[in-house]
Each structure stands twice: as structure tokens, then as C-alpha cells.
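Work through the exercises below with the model open. Try each task before reading its solution.

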Amino acid sequence: MAVEGGMKCVKFLVFVFNFIFWVCGVALVAIGIYAQVALDKALVVSTASAAGTPVAILVLGIIIFFISFFGCCGAWKESYCMVTTFAVLLSIIFLVEVAAAIAGYVFKDKVRSVLEEGLWDAMNKYGEDKALTEAVDELQRDFSCCGANNYTDWSSIERFRVNNTVPRSCCRVNSTSCNVRPSPATVYENGCLQSIEAWMKKNILIVAAVALGIAFFEILGIAFACCLMKGIRSGYEVM
């Protein structure tokens with residue numbers, strides 16, 4: 001009776017954990033969509049490696065969503081095979097997340113250089129590529145910025161240097177000549193690289209908190225799954 005009661009308790013804990021883990025998966029999906037929408041224009045002007053980050057978060061959330069559903073079914077049916085598969089998949093995801101966190105810390109400076117490279121590439125193609133031109137304009141308006149590092153960056157682009165102008169999306173005041181002979185009084189002084197970095201630092205605590213919460217529940221899930229596997233196997237051996 002005690003063993004059976006213990007099994008029911010572990011089964012309940014695994015089931016509850018998987019529900020919480022399912023919520024974490026939904027949270028990751030939401031964060032991925034939010035990052036994709038909020039940084040939409042910044043990602044357009046960036047390279048593929050930078051643009052893939054929100055998509056990777058979104059995909060991870062979807063994977064966790066389905067794995068948690070798989071774990072719920074295994075716990076409910078007391079299927080040794082399903083619970084074992086769930087524990088293995090969860091362990092793999094946890095190791096991948098740890099590796100990604102380490103890689104993110106090691107290559108954190110690379111993110112800035114990749115983003116800066118993408119901004120300069122978009123600026124050089126301004127007026128030639130319609131999609132990039134619109135992306136740069138919207139990026140500068142949304143983040144109240146001008147150029148990569150500051151508004152003087154546009155003077156290195158031939159079409160703006162000859163007329164001593166900047167794109168009208170740099171204007172902080174609404175006038176017909178605000179982009180001619182730009183100055184901090186008429187255009188945004190800060191560069192878009194600085195503005196995007198400030199946005200990321202502001203929101204990184206949210207991402208870190210969610211990541212730590214998910215990692216904690218993953219460790220609990222692996223432990224509960226192993227206990228349930230042991231209980232199911234012991235039941236088979238008794239039978």
C-alpha cells in the first residue's frame with residue numbers, strides 16, 4: 001500500500017510538473033514572438049545568425065510544449081517507455097540550453113559586431129534595396145536613433161555626403177529641411193546600435209529569469225521522471 005501510495009504521489013508530481021513545463025513552453029513561444037516583433041526591423045538589417053535567435057527561442061518553446069504533453073501521457077498511462085523517452089529528451093534539452101548559455105556568454109561581444117556589420121551593410125544599400133530602406137527608416141523611427149554609432153555615420157555614404165544630408169527618418173523635428181546639414185538639434189544623436197543594445201539590456205533580466213525558471217523545472221522533471229520509471233519498473237518486476 002505504501003509503495004502504491006508513493007507511486008501515485010510521484011505520478012501526480014510528474015503530471016503537475018509537466019503542466020508547469022507546458023506553461024514554460026508557452027512562455028518561451030511568447031518571448032520568441034515578442035522578440036521577433038519588437039526587433040523586427042533590427043533583425044531585417046542584421047545577418048542571418050542574429051536574425052535566427054528569436055526563431056530559435058520560438059522553436060525551443062514549441063519543442064518543450066510537445067515534450068511536456070508527451071510526459072503527461074506517459075505519467076497518466078504509467079508507460080515506462082514514454083516516461084523514459086521523456087526523461088532522455090528533457091535531459092538533452094537541458095544540456096543544449098546549458099551549452100547555449102555558455103556559448104552566449106563567450107560570444108556576447110560577437111553579437112555587437114554582427115549587429116554593427118548588418119547595420120552598416122543596410123546603410124550602404126540604402127535607397128537601392130527597397131526592403132532594407134524601409135527597414136532602416138522604421139528602425140530609426142522606432143528606436144529614435146540615426147546611423148550605426150551616431151548620425152555622422154551617414155556622411156560616409158556617398159549619396160548623403162555630397163548633399164550633407166541624412167535620411168528623413170533621422171529627424172527629431174517635423175520640418176521639410178530637418179535632414180539637411182544635420183545637428184543634434186534636428187536629428188537623433190544616438191546611433192541605432194546603442195539604442196538596440198539598451199533595449200536588449202533592459203529586457204535581458206526577463207529572459208534570464210524565465211530561463212532559470214525553466215532550467216529548475218527541467219531538473220525537477222528529470223528527477224521525478226526517474227523516480228516514476230523506477231516505480232513502474234518495480235511494479236513490472238512484482239507482477
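**Exercise 1.** Which residues form a nonpolar patch on the surface, and about how much accessible area do they have together?

*Solution.* The model is predicted. The patch consists of Phe19, Trp22, Val23 and Val26. Together they have about 340 Å² of accessible area. Now take one member, valine 23. Its place is helix 1, residues 2–38. Its relative accessible area is 38%. Partly exposed runs between 20% and 50%, so valine 23 is partly exposed.

**Exercise 2.** Place asparagine 179 and decide: is it buried or exposed? Then find what its side chain reaches.

*Solution.* Start with the location. Asparagine 179 sits in the loop between helix 7 (158–161) and helix 8 (192–238). Next, the exposure. The relative accessible area is 13%. Buried means under 20%, so asparagine 179 is buried. Then the polar contact. The side chain of asparagine 179 reaches the backbone oxygen of valine 166 at 3.0 Å. Last, the neighbours. Leaving out residues up to four places away in sequence, asparagine 179 touches Asn164, Thr165, Val166, Pro167, Arg168 and Cys171.

**Exercise 3.** What is phi of serine 144, and what is phi of asparagine 164? Locate each residue and classify its exposure.

*Solution.* Recall the background: most residues other than glycine have a negative phi. Serine 144 has a positive phi, near 50 degrees. Asparagine 164 also has a positive phi, near 50 degrees. Serine 144 belongs to the loop between helix 6 (130–142) and helix 7. Asparagine 164 is in the loop between helix 7 and helix 8. Serine 144 is partly exposed at 36% relative accessible area. Asparagine 164 is partly exposed at 42%.

Methods:
Residues numbered from 1 in each chain as written. Predicted model: local features only at pLDDT ≥ 70, side-chain atom pairs only at ≥ 80, totals over all residues. Heavy atoms only, no water. Helix = DSSP H or I, 4+ residues; strand = E, 2+ residues; numbered from the N terminus. Buried < 20%, exposed > 50% of the residue type's maximum accessible area, 1.4 Å probe, protein only. Polar contact = N/O pair within 3.5 Å; in protein donor to acceptor, adjacent residues only side chain to side chain. Contact = heavy atoms within 4.5 Å. Patch = residues over 30% accessible without salt bridge, like charges linked within 9 Å, V, L, I, M, F, W, Y side chains within 5 Å. Areas by Shrake-Rupley, 256 points an atom, 1.4 Å probe, with all protein chains shown as cover. Salt bridge = Lys/Arg side-chain N within 4 Å of Asp/Glu carboxyl O.
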